[in-house]
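Student: Can we go through this one together? I'd like to know the reason behind each label.

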Amino acid sequence: MGSHKPRGILCGRKLKNKRRVNRWADKDYRKSHSGREFRSDPLGGSSHASGICVGRVGFESKQPNSALRKGVRVLLKKNNKKVAAFVPRDGCLNFIDENDTVLISGLGRSGRTVGDMPGIRYKCVTVAGIS
């Protein structure tokens, strides 16, 4: 009637290896150590990413607001993923054309949508050739 665990002076390596293997059965440990946030994040864990503007679009805001928020679709250079990015300020969409190189960053809530814009997680920071 033992506890099925090695005991004694020379069992440290065995206990350490068993603990290392069995930690992966814990859901919280697996979630925090698997590196999935870098694979699923379009920016790949970095703060900014460069891409090419594919098109200009208007996003409808959520209720109770009623507006067309201006944005662009961006094809990222690093991994060829398409994301939607918000273009801040009044009239700034006029400076962005298709096939322009733009730099995008997060909108401010660590990868989640902000305010009344559904599905918009990034903002356009700079446009190549325009100061």
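Student: Where does Pro64 lie?
Tutor: Pro64 lies in the loop between β1 (48-60) and β2 (68-76). Keep in mind that this is a predicted model.

Student: What makes the peptide bond from Gln63 to Pro64 cis?
Tutor: Its omega is near 0°, and that is the cis form. Most peptide bonds are trans.

Student: What is noted about phi of Asn80?
Tutor: Phi of Asn80 is near 60°, a positive value, and the residue is not a glycine. Asn99 gets a similar note, with a positive phi of about 70° although it isn't a glycine either. Why bother to note this? Because most residues other than glycine have a negative phi.

Student: Where are those two, and why are they called exposed?
Tutor: Asn80 sits in the loop between β2 and β3 (82-86), and Asn99 is in the loop between β3 and β4. Exposed means over 50% relative accessible area. Asn80 has 58%, so it counts as exposed. Asn99 has 62%, so it gets that label too.

Student: How do you know that Arg56 and Asp97 form a salt bridge?
Tutor: The cut-off is a nitrogen within 4 Å of a carboxyl oxygen. For the side chains of Arg56 and Asp97 the N to O distance is 3.9 Å, so the pair passes. Arg56 is in strand β1 and Asp97 in the loop between β3 and β4, so the pair ties together parts 41 residues apart in sequence.

Student: Which other salt bridge is there?
Tutor: A search of the whole structure finds two. Arg69 and Asp116 also meet, at 2.6 Å from N to O, so that pair is within the 4 Å limit. Arg69 is in strand β2 and Asp116 in the loop between β4 and β5, 47 residues apart.

Student: Why is Asp116 called buried, but Arg69 partly exposed?
Tutor: Buried means under 20%, and partly exposed lies between that and 50%. Asp116 has 13% relative accessibility, so it is buried. Arg69 has 26%, so it is partly exposed.

Student: What makes Lys14 exposed?
Tutor: Lys14 has 52% relative accessibility, and the label needs over 50%, so it counts as exposed. Lys14 is in helix α1 (residues 12-22). It also belongs to a positive surface patch, along with Lys5, Arg7, Lys18, Arg19 and Arg23.

Student: And why is Gly108 called exposed?
Tutor: Gly108 has 66%, which is over 50%, so the label fits. Gly108 lies in the loop between β4 (101-106) and β5 (122-127).

Definitions and conventions: Residues numbered from 1 in each chain as written. Predicted model: local features only at pLDDT ≥ 70, side-chain atom pairs only at ≥ 80, totals over all residues. Heavy atoms only, no water. Patch = residues over 30% accessible without salt bridge, like charges linked within 9 Å, V, L, I, M, F, W, Y side chains within 5 Å. Areas by Shrake-Rupley, 256 points an atom, 1.4 Å probe, with all protein chains shown as cover. Lys, Arg positive; Asp, Glu negative; His and termini not counted. Charge placed at Lys NZ, Arg CZ, Asp CG, Glu CD. Helix = DSSP H or I, 4+ residues; strand = E, 2+ residues; numbered from the N terminus. Buried < 20%, exposed > 50% of the residue type's maximum accessible area, 1.4 Å probe, protein only.
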